[in-house]
Amino acid sequence: MLPRLGQGPHRTLPVRGGHRGTDQDGPGRPPPHDRAAAADHPHPDLRISAAGLRFADTARPWPSEGAPRRAAVSSFGFGGTNVHVVLEEQPVTALGRLPVRAEGTASSEGTADTAAAEPQLLLLSAGNPELLDEYIEDLLDTLDRAPGAPIAALAHTLGAREPLTTRLAIVAADTEEFTRRLRHARRQLTDGARGDLGDGAFAADAPLPEAQRRIAFVFPGQGSQRPGMLQDLHERFTGFRTDVNVLSAVARRDTGFDLADLLYGEAAGAGTPGAEGAEGASEELGRRLTATDVCQPLLGTVQIAATRLLAHCGVAPDLALGHSVGEFAAAAAAGALTAEDTVRLLVHRGAALRQAETALGGGMLVVQTDKDTCGRLIAGVDDVWLACFNQPRQVVVSGTPHGLAAVREACAEAGIVTVALDVSDAFHSPRLACAEETIRTHLAGRRISGPVVPFVSSVNAAVCADPELLRELWARHASTPVHFDDAVRTAYDQGARIFLQVTGGSSLLSSVRRNLTGHGQGDVHLVPAGGEAPDGGQGFVRALARLAVLGVPVDPRALVPREDRRLLDLPVAKLDTQSYWVPGGRPAKKDESTASLPPRPAPHEETPMAPMAPMTSTDGPTSDPTDRVLQLVRLVQEQVALLIRLAEAQSARAPAAQGHAAQAPAAEATEPATAGPVPEPVSPPSPPPPTRSLRRPGAPTRSPRPCSRTSRGSVRSRWVICGATSG
């Protein structure tokens, strides 16, 4: 509960609003309200004292108790407009003088750990480009007057505001860098630039339509692992670090080694450039990360942790798909598997595949050509198979080292580029079919749910919602080719327009773009959620900035450490207003060619009603909106007058109707049970002009009901009047 204008055994009630506190009230003293009779003699039924309330007739001390003082102010209007506002006292520190923690200081809680030198997302928005330019000018003026404003507090304050239509997102690590990039971006916007403005700035006149904001999370497979991958996120974000540690503990129960230590611990530190024996340690670490039983649970761990970090920042998938072993992290993102079950499955799957590897070994080779050409190149070569269809002109083949050497030689003679992948065996080939039964047995005891969001498998390139179908697909996943090209097109057909690669830089996004050539007219957006190597978090924050401009509900405050989440007194963008007020003081135009409306009849004269002339118009539409409004007002006035006169005429006949009812009780005059004749109201001397009736054709005709007069003398009309207008 929030205190009301004071703390302690009594709370303070204002007598009436309108008073604004001044410096004379002093700090910590709620201002008194004007005295009123209600304050001196409150009504006894209110029981003010019994409720622990009192009127603020004098200024009273309001001591601080360590927490910010808050007050609730209510305003009640007789017209039904009520306002309730909760106020909190302004922080003691002023803009530009907020304390900043030293670089590297650990955070006690929250998402981010350090504020100094960490890139932040600053999101500005306004109703249109002109208003955004004015807003930028106001913000720059404010920052010029307070050049020491912390970047984290700026990002938190701007991120707390609801984004408007026109948006500008800037990534900066300090206030000086932000103001410099903001001025440069302003000049670019003036010149008409939009989209990626460079230097960590992104802009758009409007976000994408909702139907074009559907995000597909894309997860790469084996070969995308790197020593120290996502280390910048691991160092900065507590949530990411916690998820990695928890999932590493799950894997350690079955593997006996710590995945987090391999990536970020002493084992990883031994391979750091500059360390003693770093070169040899780095090679050894790379070989260990390539091993199937290590690589697969390791990829799943960091990919799930990155997915959760994105969700904490407001970015969630509308669809998920993965390449090769990345399919399992995609299944976790879609809700088909829990995070822990995904890591356990990858631990057992990696172990099964490691046992299936022969002493001869195997590998995979990227061939930059189409599948038909690649098929001709490998024809006649033993122990080589088509393994992955990534894009129209990129195929991956698997096989023995001897067979792959023959393919590489044939491609070189044909002038076709090849690239060897850093993998431990010939995945997605019949060489691993012996592991299917082991994996199938493990899947039988693993709980698989129906995906919460659409999940596209690269085994059959289709949306899979049946858990039993997923078990069958995943049992033969390692020995079946990957149809990533068709899976991407399926994701597009399901409405995905933003493809976000979660880890591994942009290695898959070029394939996504080529697979969708001819499927859209620039409506596809490819966003990597970071670089292949750690970059201090710049790539991750820039991805969020781009998504925010596209219309994804990114929350920049998730990047700010909890202790730096302070609201600053910054200007706000002016709203894009539009006036709906009818211009006043303009005389109505007269048109002699049209029939004039009759003068307003006297409301209480006992004279026969004259027929009402229908509204007429000129050959073209009325150009002045005031004329149309005045005509409508006059029409309504005349209808009201007619209703009043009809009601009074019927009221005068009421005694006669009651007498008739006494003589013949079976035929009630006021409310007939059947559609029999009832007394007619005063008829006009001549019929009104023909109008369009609102009665359904063929429906029975009802006689008009009489009206009744309320106790206050106002008339409640019960007549049904048709044909008042022609519309």
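A disulfide here means a pair of cysteine sulfur atoms within 2.5 Å. By that rule, this predicted model has zero disulfides. In general, a disulfide is a covalent bond between the sulfur atoms of two cysteines. Two of the cysteines are still worth a look for where they sit. Cys313 has a relative accessible area of 0%, so it counts as buried. Cys434, with a relative accessible area of 55%, is exposed.

Now let's zoom out. The protein chain has 727 residues, and 43% of them count as buried. Its secondary structure comes to 20 helices and 20 strands. If you take the contacts between residues at least 6 apart in sequence, 74% of them join residues at least 24 apart. On the outside, the accessible surface is about 37,900 Å², and carbon and sulfur atoms account for 53% of that.

Next, the inside. Nonpolar side chains in soluble globular proteins tend to be buried together. In this model the largest nonpolar core holds 117 residues, and the members that touch the most others are Phe240, Val315, Leu321, Trp474, Phe499 and Phe540. Helix 10, residues 292-312, supplies the largest share of this core, with ten residues. Phe240 is a good place to start browsing. Setting aside neighbours within four places in sequence, Phe240 contacts Leu230, Leu233, His234, Tyr264, Val302, Ala305, Ala306 and Leu309. Another core lies apart from the one around Phe240; this other core has 31 residues, including Leu122, Leu132, Leu154 and Phe178.

Not every nonpolar side chain is tucked away, though. Val73, Val83, Val85 and Leu87 make up a nonpolar patch on the surface, and together they have about 290 Å² of accessible area. Strand 4, residues 82-88, gives the patch its largest share, three residues. Val85 is placed in strand 4, and its relative accessibility of 35% is why it counts as partly exposed.

On to the charges. Side chains of opposite charge can pair when their charged atoms come close. The structure holds 30 salt bridges. One of them joins the side chains of Arg183 and Asp144, at 3.0 Å from N to O. Arg183 belongs to helix 4 (residues 175-190) and Asp144 to helix 2 (residues 129-145), so this salt bridge ties together parts that are 39 residues apart in sequence. Both partners are partly exposed: the relative accessible area of Arg183 is 32%, and Asp144 has a relative accessibility of 47%.

Helix 4 turns up again in the pair of Asp199 and Arg180, whose closest N and O atoms are 3.5 Å apart in a salt bridge. Here Arg180 is the partner in helix 4, while Asp199 lies in the loop between strand 7 (195-198) and strand 8 (201-204), so the pair connects parts 19 residues apart in sequence. Asp199, at 34% relative accessibility, is partly exposed, and so is Arg180, with a relative accessible area of 47%.

How far apart are the closest N and O atoms in the salt bridge of Arg489 with Asp485? They are 3.8 Å apart. These two residues are four apart in helix 17 (residues 484-493), which means that about one helical turn separates them. Asp485 has a relative accessible area of 4%, so it is buried. For a charged cluster rather than a pair, look at Glu436, Glu437, Arg440, Glu472 and Arg476, which are linked in a network of salt bridges.

Last, a bit of backbone geometry. Most residues other than glycine have a negative phi. Ser324 is not a glycine, yet its phi is positive, at about 55 degrees. Ser324 is found in the loop between strand 10 (319-322) and helix 11 (326-334). Is Ser324 buried or exposed? Ser324 counts as buried, because its relative accessibility is 12% and the cut-off for buried is under 20%. Asp383 also has a positive phi, near 60 degrees, and is a residue other than glycine. You'll find Asp383 in the loop between helix 13 (371-378) and strand 12 (384-391). With a relative accessible area of 40%, Asp383 is partly exposed.

Methods: Residues numbered from 1 in each chain as written. Predicted model: local features only at pLDDT ≥ 70, side-chain atom pairs only at ≥ 80, totals over all residues. Heavy atoms only, no water. Core = buried A, V, L, I, M, F, W, Y, C linked by side-chain atoms within 4.5 Å. Buried < 20%, exposed > 50% of the residue type's maximum accessible area, 1.4 Å probe, protein only. Contact = heavy atoms within 4.5 Å. Areas by Shrake-Rupley, 256 points an atom, 1.4 Å probe, with all protein chains shown as cover. Patch = residues over 30% accessible without salt bridge, like charges linked within 9 Å, V, L, I, M, F, W, Y side chains within 5 Å. Salt bridge = Lys/Arg side-chain N within 4 Å of Asp/Glu carboxyl O.
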